[in-house]
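Subject: The structure I promised you

Hi,

Here is the structure we talked about, so open it up and keep it next to this email while you read. I'll go through what turned up, one spot at a time.

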Amino acid sequence: MSLKSFEEAIAILSGISGSFGKERIYLEEADDRILAENIYADRDYPPFNRAAMDGYAIMQEDWEKGIRTYKIIETIFTGQPARYALSSGNCYKIMTGAATPEMANAIIRREDAEESENQVTLRAGALKNYQNIALKGEDSNTGSLLLSAPLKCTPQVIALLATVGKATVEVYKRPKVAIITTGDEIVSPAAGISPFQIRNSNQYLLRSLLSQWKIRPVLCTHVDDHKEKLTSILSAALETDLVIINGAVSAGDADHVPAVLQELGVKTLFHKVSIRPGKPILIGKAISGAIVFALPGNPLSCLSTFIVFVEHYLYRCSGYEARPIQMLPVLKSRTKKHPLTEFFPVALGHSGGLSPISFNGSGDVTATIQAHGLAMQPAASLQLHKDELITFYPFNPSFYSPL
């Protein structure tokens with residue numbers, strides 16, 4: 001199978017992306033879920049002329065006639081209709097958020113009033129029509145589009161869903177995911193360690209990356225470089241929707257993943273992409289329909305391929321066109337000596353530009369500690385010039401609406 005360009009690999013991945021389905025859930029369970037239905041206003045908002053502050057509601061025409069002292073005919077509280085019609089020389093005492101009767105077209109705030117028994121003297125300058133009144137329908141009208149799917153259910157979104165009476169909402173289903181890390185040299189963080197072993201940081205990295213999607217893997221395990229054990233575990237993993245394998249994907253004697261996947265009937269969509277880091281990445285599709293991502297084992301390779309490929313797939317499966325990226329200026333020049341598309345850690349400066357971070361190869365465990373994301377240097381671009389716009393993949397992108 002020929003080496004794919006980065007662009008070819010993303011196109012293939014986009015072509016196999018598809019929804020895991022939709023489900024209806026209670027609103028109180030919707031935090032951070034991805035909305036799968038458009039939301040429309042169920043009525044005008046505000047649904048009535050609403051008092052914007054505590055004060056006295058009058059007819060503006062009275063004010064223009066020079067009337068400054070008014071009889072208070074009623075106090076209107078929130079959630080209550082007025083009982084009496086307004087006539088010249090009279091006013092309502094009104095509370096913030098209360099429904100303002102139609103005849104009242106201006107409110108003078110309480111601080112500009114002197115009340116005594118059933119009368120109030122008002123002090124203010126020129127009044128504008130409907131001063132201190134939020135007009136019915138000025139925010140939105142019945143049937144207007146308020147939220148367009150797909151959209152992450154943030155606290156603000158959930159508040160609006162409650163406002164329009166959505167006690168349940170339709171959201172995209174989350175995939176069932178399996179994580180399998182590999183390698184004889186890998187040990188648990190809690191275990192004793194020899195000078196020639198490394199701790200299983202990538203399992204925790206992948207779990208944490210998935211947790212940003214509120215995805216808890218149904219299977220998460222480690223397997224030694226033992227072909228029969230790997231075959232057994234992968235057989236079970238392929239019953240999920242998404243399998244993420246880490247390590248054993250290159251061409252070494254102990255790299256059994258490609259051969260085992262082939263034996264299990266997984267169709268390889270591509271194996272090896274002209275990128276750095278992460279060149280050995282393999283993506284395949286199982287007979288069961290599961291999508292397999294076999295990611296390289298070095299820490300930066302694992303992170304980069306998840307950010308660039310796995311997250312692209314997850315966004316596509318959640319109704320978005322692609323993973324969010326930005327075009328930002330690089331704050332200093334950068335050179336590469338190879339014809340591969342390169343991803344490198346960058347820090348986001350106060351000016352909005354990107355500062356490349358020095359690191360010691362894809363095995364550097366500290367490479368991304370100070371980084372806010374990855375930047376891309378295209379295959380054909382051997383030199384990035386200061387202030388040149390480049391593609392930026394933020395580590396924690398906000399889920400966005402296409403509108």
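Where in the structure is Lys272 found? Have a look before reading on, and keep in mind that this is a predicted model. Lys272 is in the loop between strand S20 (267-271) and S21.

**Some odd backbone spots**

I started with Lys272 because its phi is near 85 degrees, a positive value in a residue other than glycine. Most residues other than glycine have a negative phi, and most peptide bonds are trans. As for its surroundings, Lys272 is partly exposed, with a relative accessible area of 32%.

Tyr130 also has a positive phi, of about 60 degrees, although it is not a glycine. You'll find Tyr130 in the loop between strand S10 (119-122) and strand S11 (133-134). Tyr130 counts as partly exposed because its relative accessible area is 28%, and that class runs from 20% to 50%.

Then there are cis peptide bonds to look at. One joins Ala149 and Pro150, with omega at about 0 degrees. Pro150 belongs to the loop between strand S12 (145-147) and strand S13 (151-152). Another cis bond goes from Arg276 to Pro277, and its omega is near -5 degrees. Pro277 sits in the loop between strand S21 (275-276) and strand S22 (282-285).

**Strand S15 and its neighbours**

Next, scroll to S15, which covers residues 177-182. How many of its six residues are buried? Six of the six are, so the strand is mostly covered. Val177, Ile179 and Thr181 point one way from S15, while Ala178, Ile180 and Thr182 point the other way.

Which strands are joined to S15 by bridges? S19 (residues 242-246) is one of them: it runs parallel to S15, and five bridges join the pair. In that pairing, Ile179 stands opposite Ile244. S18 (residues 219-223) also runs parallel to S15, again with five bridges. Here Ala178 stands opposite Leu219.

Zoom in on Thr181, which is in S15. Its relative accessible area is 2%, so Thr181 counts as buried. Leaving aside neighbours within four places in sequence, Thr181 is in contact with Asn200, Gln203, Thr221, His222, Val223 and Asn246.

Just past the strand, Asp184 lies in the loop between S15 and strand S16 (186-187). Is Asp184 buried or partly exposed? It is partly exposed, because its relative accessible area is 47%. Apart from residues within four places in sequence, Asp184 is in contact with Asp224 and Asp225. The C-alpha atoms of Asp184 and His222 are separated by 9.7 Å, although the two residues are 38 places apart along the chain.

**The nonpolar cores**

The largest nonpolar core has 45 residues, and the members that touch the most others are Phe6, Ile244, Ile283, Phe293, Leu295 and Phe309. Its largest share, eleven residues, comes from helix H7 (residues 299-317). Another core, of 20 residues, lies apart from that one, and its members include Ala178, Ile180, Val243 and Val257. You met Ala178 above as the partner standing opposite Leu219.

Leu295 is a good one to click on. Among the residues it touches, not counting those up to four places away in sequence, are Leu206, Ile244, Ile245, Cys302, Phe306 and Val310.

**A cavity to look for**

Rolling a probe the size of a water molecule over the atoms shows where empty space is left. The structure holds one cavity of 30 Å³ or more, with a volume of about 120 Å³. Which residues are closest to its centre? Of the 14 that line it, they are Ile34, Lys173, Arg174, Trp213 and Ser318. The lining has nine nonpolar, one polar and four charged residues.

Ser318 deserves a click too. You'll find Ser318 in the loop between H7 and strand S24 (326-329). Ser318 counts as buried because its relative accessibility is 9%, where the limit is under 20%. Not counting residues up to four places away in sequence, Ser318 touches Ile34, Pro150, Tyr172 and Trp213. Pro150 is the proline from the cis bond with Ala149. Ser318 and Lys22 are 296 residues apart in sequence, and their C-alpha atoms are 9.5 Å apart in space.

Cheers

Conventions
Residues numbered from 1 in each chain as written. Predicted model: local features only at pLDDT ≥ 70, side-chain atom pairs only at ≥ 80, totals over all residues. Heavy atoms only, no water. 1 Å grid on protein atoms, 1.4 Å probe; cavity = no way out; pocket = protein on both sides within 12 Å on 5 of 7 lines; lining within 4 Å. Points joined across faces, edges and corners; volume = space filled by probe spheres on them. Nonpolar A, V, L, I, M, F, W, Y, C, P; charged D, E, K, R; others polar. Buried < 20%, exposed > 50% of the residue type's maximum accessible area, 1.4 Å probe, protein only. Helix = DSSP H or I, 4+ residues; strand = E, 2+ residues; numbered from the N terminus. Pairing = 2+ DSSP bridges. Core = buried A, V, L, I, M, F, W, Y, C linked by side-chain atoms within 4.5 Å. Contact = heavy atoms within 4.5 Å.
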